[in-house]
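Thanks for asking me to look this over. Here are my notes, written so you can follow along with the model open beside you.

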Amino acid sequence: MSAQAGVIQKCVWLACLVGLFIPQILSLDCNSLDFHLRRLTWRNLRFLNSMSDSFPVECLRESKAFELPREILLYTQPLKRDIRETFYEISKQAFNIFSHYAFQSIWEDKHLTQIQIGLDQQLQYLEQCLEEEKENENMKEMEKDEGKHPRATVSQLSNLNVKRYFRRIGSFLKDKKFSHCAGEIVRLEIIRCLYYFLRYTAPPRRK
């Protein structure tokens, strides 16, 4: 009976979170994409930071350099759409990682549910707005009769490197059998990715 009550409680918690987040997606304006993404990203960073009180000292010896793709480190403002597309890929891969059943033994269900729903919200919003941007670009380029292949090539190359980056993270987790230390190391790596996005979408400073 107690097990059934636990399942019911978990479902109620999940339903409450979904009910809280989804209306916000439906009401967001793609013209304010960066503003809303920054807000969502800060919230997901809070979720990730709340999953653990501090990084375990004993895990330091297992730390690994996953080699974040160079394009992400060198992004500039003119490539804003590429940044968004790359962030979409990062959000998707991070969602897949935190949805893995093996993490249930590392963190509380409540924390995993929060970050899963938070990342899914990022994905839905990015997908919606990127599709809208793409349609607008296609209309403009049809009028100008100009191709967009150079930009698409940059984006595709970046996303390919992001997938390779996350494959390295996935291999690390499997090699470590999804140990507590491996989970903590990957959690910090995802936090690092999200901070890079915040850096490139920060509004320009007033002079």
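Which residue forms a salt bridge with Glu89? Keep that in mind; point 3 gets to it.

1. Before anything else, remember that this is a predicted model. The chain has 207 residues, and buried ones make up 43% of them. Its secondary structure comes to 7 helices and 0 strands, so if you read along the sequence because you want the pattern, you get α-α-α-α-α-α-α.

2. Now the salt bridges. The structure holds 4 of them, and I'll go through some here, starting with two that sit inside helices.

3. Back to the opening question: the partner of Glu89 is Lys92, and the closest N and O atoms of the pair are 3.6 Å apart. Both residues lie in helix 4, 3 residues apart, which is about one turn of the helix. Their surroundings are worth a look: Glu89 is buried at a relative accessible area of 4%, while Lys92 has 29% and counts as partly exposed. The cut-off for buried is under 20%.

4. Helix 7 has a salt bridge of its own, between Arg192 and Glu189, with the closest N and O atoms 3.1 Å apart. Here too the partners are 3 residues apart in one helix, about one turn. Glu189 counts as buried because its relative accessibility is 8%, and Arg192, at 32%, counts as partly exposed.

5. Then there is the salt bridge where the side chains of Lys176 and Glu62 meet, at 3.9 Å from N to O. This pair links distant parts of the chain: Lys176 is in the loop between helix 6 (149-175) and helix 7, Glu62 is in the loop between helix 2 and helix 3, and 114 residues separate them. Lys176 is partly exposed, with a relative accessible area of 34%. Glu62 is partly exposed as well, at 22%.

6. How far apart should the ends of a helix be? You can check helix 2 yourself: at 1.5 Å a residue, its 18 residues should span 26 Å, and its end C-alpha atoms are 26 Å apart, so the two agree. Try helix 7 (residues 180-200) next: its 21 residues should span 30 Å, and the end C-alpha atoms are 31 Å apart, which agrees.

7. How covered are these two helices? Helix 7 is mostly covered, with 16 of its 21 residues buried. In helix 2 the buried residues include Leu33, Leu37, Leu40, Leu45, Phe47 and Leu48. Don't skip the others, though: Asp34, Arg38 and Arg43 are among the buried residues of helix 2 too.

8. Asp82 is another one to click on. You'll find Asp82 in helix 4 (residues 80-98), where it is buried, with a relative accessible area of 1%. The C-alpha atoms of Asp82 and Ser158 are separated by 8.2 Å, although the two residues are 76 residues apart along the chain.

9. Last, have a look at the surface. Lys64, Lys163, Arg164, Arg167 and Arg168 form a positive patch there. Lys64 lies in the loop between helix 2 (33-50) and helix 3 (70-73). With a relative accessible area of 43%, Lys64 is partly exposed.

How values were computed. Residues are numbered from 1 along each chain as its sequence is written. This is a predicted model: local features need pLDDT of at least 70, side-chain atom pairs count only at pLDDT 80 or more; totals for chains, interfaces and linings use all residues. Side-chain values use heavy atoms; hydrogens and water are left out. Patches are made of residues with over 30% relative accessible area and no salt bridge: like charges are joined within 9 Å, nonpolar side chains (Val, Leu, Ile, Met, Phe, Trp, Tyr) within 5 Å. Accessible areas come from the Shrake-Rupley method with a 1.4 Å probe; for residues, only the protein chains shown count as cover. Lys and Arg count as positive and Asp and Glu as negative; His and the chain ends are not counted. The place of a charge is taken as NZ of Lys, CZ of Arg, CG of Asp or CD of Glu. Helices (H or I, at least four residues) and strands (E, at least two) are DSSP runs, numbered from the N terminus. Buried means under 20% relative accessible area, exposed over 50%, partly exposed in between (1.4 Å probe, protein chains only). The expected span of a helix is 1.5 Å times one less than its number of residues.
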